[in-house]
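This report concerns the packing of helices in one protein chain. Please consult the sequence and the structure shown below.

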Amino acid sequence: MNRFVLCAALATAFFVTRQAQQPTAPAAPAQVAVPSLAKYRSQMTNEDRTALAQCYEILSKSVAANPVDDPVIPSVPALCDVHRAALLFVWRGVLGNEPGKYEGLREELEGLLKTAVGEADVPLNPAVQRDAATLFANIARSLR
């Protein structure tokens, strides 16, 4: 009987300590693909980082697969809209986060896209499409 109580107490203590441990985001890697994201990465929860990394992996693959002859994303402004929509779907819809949870993150991500593809209302040509897909893949890598 005493062994049973001792085993039950140890199992309960193990379970409680495992549940009480809050997962923390690992320290930012020495080098990330997009260095300006390192400070945000270190502040983010594992859930937020993982979801955003997956979002950017999907964006990267989707933009790379955008057909040239009949594009789903026909222009740079449409690409920016797709980017914003994807972030809103994941950030607010999936994660339930409020805007501004990580101050400056949205502006940083949108700024990176504007730097990579510009702001002109022009068709999404293969070079711009490739640049956007590469940026999204690098952002995903930086958040892992």
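How are α3 and α6 oriented to each other, roughly parallel or roughly antiparallel?

## Basis of the model

The model is predicted, local features need pLDDT of at least 70, side-chain atom pairs count only at pLDDT 80 or more, and totals for chains, interfaces and linings use all residues. Residues are numbered from 1 along each chain as its sequence is written, and side-chain values use heavy atoms, with hydrogens and water left out.

## Helix α3 against helix α6

The axes of α3 (residues 46-64) and α6 (residues 126-143) cross at roughly 160 degrees and come within 8 Å. Axes are lines fitted to C-alpha atoms, for helices over the stretch in contact, with angles from 0 to 180 degrees between N-to-C directions. The two helices α3 and α6 are therefore roughly antiparallel (an angle over 145 degrees).

Contact (heavy atoms within 4.5 Å) joins residues of α3, including L52, Y56 and L59, to residues of α6, including F136, I139 and L143. By class, this contact of α3 with α6 has 13 nonpolar, two polar and two charged residues.

## Helix α5 against helix α6

The axes of α5 (105-117) and α6 come within 9 Å and cross at roughly 150 degrees. Helices α5 and α6 are therefore also roughly antiparallel to each other. Their contact involves L109, L112, L113, A116 and V117 of α5, and V128, D131, A132, L135, F136 and I139 of α6. Ten nonpolar residues, no polar and one charged make up the contact of α5 with α6.

## Burial of α6

Among the buried residues of α6 (under 20% relative accessible area, 1.4 Å probe, protein chains only) are A132, F136 and I139. The buried residues of α6 pack against α2 (38-43), α3, α4 (76-94) and α5.

Conventions: Helices (H or I, at least four residues) and strands (E, at least two) are DSSP runs, numbered from the N terminus. Angles under 35 degrees count as roughly parallel, over 145 as roughly antiparallel, 65 to 115 as roughly perpendicular and the rest as oblique. Ala, Val, Leu, Ile, Met, Phe, Trp, Tyr, Cys and Pro count as nonpolar, Asp, Glu, Lys and Arg as charged, and the others, Gly among them, as polar. Buried means under 20% relative accessible area, exposed over 50%, partly exposed in between (1.4 Å probe, protein chains only).
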